[in-house]
Amino acid sequence: MKRKYVPQVVTTVAKKMAYRFYRFTEKVLQPPFDRYDFETFDVLKRVLRKDSNCIDIGAHKGEILEAILKAAPAGRHMGFEPIPYLFSQLQKKYGSRVQLFNTALSSEAGEAEFTVFKDRPAVSGLKERSFEDANYDTEKIQVKLERLEDLVPANQPVHLVKIDVEGAELEVLKGARRILQQHKPVVLFEFGKGGSDLYGATPELMFDFFDGLGYTLTLQQYFLKGYPGFNRHEFIGQFEKGYNYFFMAYAAERTV
C-alpha cells in the first residue's frame with residue numbers, strides 16, 4: 001500500500017501540539033507518573049513470569065509495586081520505603097502480598113538522618129537535595145539502614161530490582177552485590193545529576209560497577225526495541241548531557 005503523503009508543516013504542527021499537551025498534563029494535571037513509568041510497565045510485562053520475584057526499593061506510593069503484582073502475581077516480592085506515613089499506606093494496601101520494610105538501603109548497615117520533603121516526598125533522601133526554583137518544607141528523621149543482601153535469603157532467586165532513591169542508587173547496589181552476582185536480576189534504576197553527585201556517584205563508577213558484574217546498560221525503550229546496550233562512552237554521555245535519568249541493566253548474556 002502506498003504511504004499517504006503528509007506535508008512537513010502538518011507533521012511539525014502535530015508534534016508541537018502533542019508536546020504542548022504532554023507539558024500541560026505534566027505541569028497542570030500533575031499525573032502520578034512520568035514517561036519512564038509507561039516504559040517500566042512494558043518492561044515488567046516483557047521480562048517477568050507469573051512467579052518471578054521482585055524487589056522495589058523506594059516504593060513510594062506503590063505504583064510500580066502494583067504493576068509488579070499484576071505481572072508476577074505468584075512471585076515473592078519485597079518493598080522498601082523509609083518514610084513512615086508512606087510505609088503505613090503501603091502496608092495497608094500491599095502488606096498481605098508483599099514483604100515490606102520501613103528502612104533505607106545502603107552499602108553499610110546502621111542508622112542515618114533522612115530528609116523528608118513534605119511537599120514533594122518523591123525527592124526525599126539520605127542527602128538533602130537543593131532546588132533553585134522552589135523552597136520546600138522539610139523534616140529530618142532518623143532511619144535504619146540495611147544492606148539488601150543481608151535481608152534476602154541466599155536461596156531466594158531475585159528476577160528484578162527497581163531502585164529510585166534520589167541519588168543513593170550506587171550505594172544500594174554495593175549492598176546488593178551478592179544478589180547481582182548470584183541471580184543476575186534485571187535492574188531498573190534512576191541515575192541523574194542533582195542527586196547522584198551528593199553521594200560521589202559518577203557515570204564512570206556506575207558503568208564500571210555493572211560492567212564488572214557482567215551487565216549491559218541501556219534504556220528501557222532501547223531494550224524493548226531490541227537495540228544494543230551502551231558502551232562506556234555512550235552511557236557517560238547520556239548522564240552528562242542529561243538525555244535520560246532512568247536506566248536499565250541486564251545480564252550481558254541475556255537475549256534482548
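Two strands are taken to pair if DSSP finds at least two bridges between them. On this basis the strands of the predicted model can be assigned to sheets, as set out below. The secondary structure of the protein amounts to 10 helices and 10 strands. Of its 256 residues, 47% count as buried. Among contacts with a separation of 6 or more, 69% are between residues 24 or more positions apart.

One open sheet is made of 7 strands, which follow the order β3-β2-β1-β7-β8-β10-β9 with mixed pairing. Its edge strands are β3 (98-101) and β9, each of which pairs on one side only. Direction ignored, neighbouring strands of this sheet are turned by 15 degrees against each other on average. Within the sheet, strand β1 (residues 54-57) and strand β2 (residues 77-80) run parallel and are joined by 3 bridges. I55 has M78 in β2 as its bridge partner.

At the β9 edge of the sheet, the pairing is with strand β10 (residues 246-251), in the antiparallel sense and over 4 bridges. Y215 has A251 in β10 as its bridge partner. Strand β9 (residues 215-218) is covered on both faces. Y215 and L217 lie on one side and T216 and T218 on the other, and all four residues are buried. Thus Y215 is both a bridge partner of A251 and a buried residue of β9.

A further open sheet contains 3 strands in the order β4-β6-β5, and its pairing is also mixed. Because β4 (104-105) and β5 (110-117) stand at the edges with a single partner strand each, one side of each is left without a neighbour in the sheet. The pairing of β4 with strand β6 (residues 138-146) is parallel and extends over 2 bridges. In this pairing A104 stands opposite L145 in β6.

Two helix pairs were examined. Two packed helices are described by the angle between their axes and the distance between the axes. Helix α3 (residues 63-71) packs with helix α4 (residues 84-94) at an angle of about 20 degrees, and the axes are 11 Å apart. Since angles under 35 degrees count as roughly parallel, α3 is roughly parallel to α4. The crossing of α3 past α4 is right-handed. The contact brings L65, E66 and L69 of α3 against L90, K93 and Y94 of α4. The residues of this contact comprise 4 nonpolar and 2 charged, with no polar ones.

In the second pair, helix α8 (residues 203-212) and helix α10 (residues 232-240) have axes that come within 9 Å and cross at roughly 140 degrees. The two helices are therefore oblique to each other, as the cut-off for roughly antiparallel is over 145 degrees. The crossing of α8 past α10 is right-handed. On the α8 side the contact involves P203, E204, M206, F207 and D208, which meet R232, F235, I236, F239 and E240 in α10. The residues of the contact of α8 with α10 divide into 6 nonpolar and 4 charged, and no polar residue takes part.

Methods: Residues are numbered from 1 along each chain as its sequence is written. This is a predicted model: local features need pLDDT of at least 70, side-chain atom pairs count only at pLDDT 80 or more; totals for chains, interfaces and linings use all residues. Side-chain values use heavy atoms; hydrogens and water are left out. Axes are lines fitted to C-alpha atoms, for helices over the stretch in contact, and angles run from 0 to 180 degrees between N-to-C directions. Angles under 35 degrees count as roughly parallel, over 145 as roughly antiparallel, 65 to 115 as roughly perpendicular and the rest as oblique. A crossing is left-handed if the near helix is turned anticlockwise from the far one by less than a right angle, and right-handed if clockwise. Contact means heavy atoms within 4.5 Å. Ala, Val, Leu, Ile, Met, Phe, Trp, Tyr, Cys and Pro count as nonpolar, Asp, Glu, Lys and Arg as charged, and the others, Gly among them, as polar. Buried means under 20% relative accessible area, exposed over 50%, partly exposed in between (1.4 Å probe, protein chains only).
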